Amino acid sequence: MQRLRVEFTTEPFDLDEAPAHAVVAREVIQGAELDAVDVGPFGNTAEGRADAVLTAVDALLRRALEAGATRVSLQVNVIGDGAGRGER
């Protein structure tokens with residue numbers, strides 16, 4: 001099974017307080033069925049099975065834009081096929 005890594009940021013930025021769209025995007029990723037999630041003030045990453053990552057990205061885009069994001073930058077990379085991680 002193919003594995004993916006997504007890296008994303010939402011804009012506009014607010015250095016004093018996380019905007020609603022950033023909070024929503026992080027909630028979507030943290031609530032998804034992903035193996036590894038790292039959220040930070042300037043970027044976020046998550047890894048998992050391809051279907052789980054793509055489902056999370058769809059929800060992330062829809063909800064972040066609904067919450068006021070004017071831009072969502074993301075990159076998706078194939079990181080492997082799951083071999084050696086107990087996946088079949």
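In the predicted model, Glu47 touches Arg3, Leu4, Arg5, Leu34, Asp35, Ala36, Val53 and Ile79 when residues up to four places away in sequence are not counted. Glu47 belongs to strand β3, which spans residues 44–49, and with a relative accessible area of 16% it falls below the 20% limit and is therefore classed as buried.

The chain as a whole contains two helices and four strands, and these elements succeed one another along the sequence in the pattern β-α-β-β-α-β. The radius of gyration of the protein is 13 Å, which agrees with the value near 12 Å that a compact globule of 88 residues would have. Along the principal axes, the C-alpha atoms fill a box of roughly 45 × 20 × 20 Å. Of the 88 residues, 33% count as buried, and the surface that the protein exposes amounts to about 5400 Å², of which carbon and sulfur atoms supply 47%. Among contacts with a separation of 6 or more, 69% are accounted for by residues 24 or more positions apart. The protein carries 9 positive and 15 negative charges, and the mean positions of these two sets are 6 Å apart.

Strand β1 covers residues 3–11 and includes Thr10. The relative accessibility of Thr10 is 9%, and because this value is under 20%, the residue counts as buried. Leaving aside neighbours within four places in sequence, Thr10 is in contact with His21, Ala22, Ala25, Ala64, Ala69, Arg71 and Val72. With one of these residues, His21, the contact includes a polar contact of 2.9 Å between the two side chains.

The segment that follows β1 includes a cis peptide bond, which runs from Glu11 to Pro12 and has an omega near 10 degrees. Most peptide bonds, by contrast, are trans. Pro12 lies in the loop between β1 and α1, the latter comprising residues 20–31, and Asp14 is likewise found in the loop between β1 and α1. Asp14 has a relative accessible area of 40%, and since this lies between the limits of 20% and 50%, the residue is described as partly exposed. The side chain of Asp14 approaches the backbone at two positions further along the chain: a polar atom of this side chain lies 2.9 Å from the backbone nitrogen of Asp16, and the side chain also reaches the backbone nitrogen of Glu17 at 3.3 Å. The C-alpha atom of Asp14 is separated by 9.7 Å from that of Pro41, a residue 27 positions away along the chain.

Pro41 also serves as a reference point for Gln75, from which it is 34 residues apart in sequence and 17 Å apart in space, C-alpha to C-alpha. Gln75 is found in strand β4, which extends over residues 71–80, and its relative accessible area of 42% places Gln75 in the partly exposed class. When neighbours within four places in sequence are set aside, Gln75 is in contact with Arg5, Val6 and Glu7. Within its own stretch of the chain, the side chain of Gln75 is joined to that of Asn77 by a polar contact of 3.5 Å. Arg5 thus appears among the contacts of Gln75 and also among those of Glu47.

Terms used. Residues numbered from 1 in each chain as written. Predicted model: local features only at pLDDT ≥ 70, side-chain atom pairs only at ≥ 80, totals over all residues. Heavy atoms only, no water. Buried < 20%, exposed > 50% of the residue type's maximum accessible area, 1.4 Å probe, protein only. Polar contact = N/O pair within 3.5 Å; in protein donor to acceptor, adjacent residues only side chain to side chain. Contact = heavy atoms within 4.5 Å. Rg over C-alpha atoms; globule rule 2.2 N^0.38 Å. Areas by Shrake-Rupley, 256 points an atom, 1.4 Å probe, with all protein chains shown as cover. Lys, Arg positive; Asp, Glu negative; His and termini not counted. Charge placed at Lys NZ, Arg CZ, Asp CG, Glu CD.
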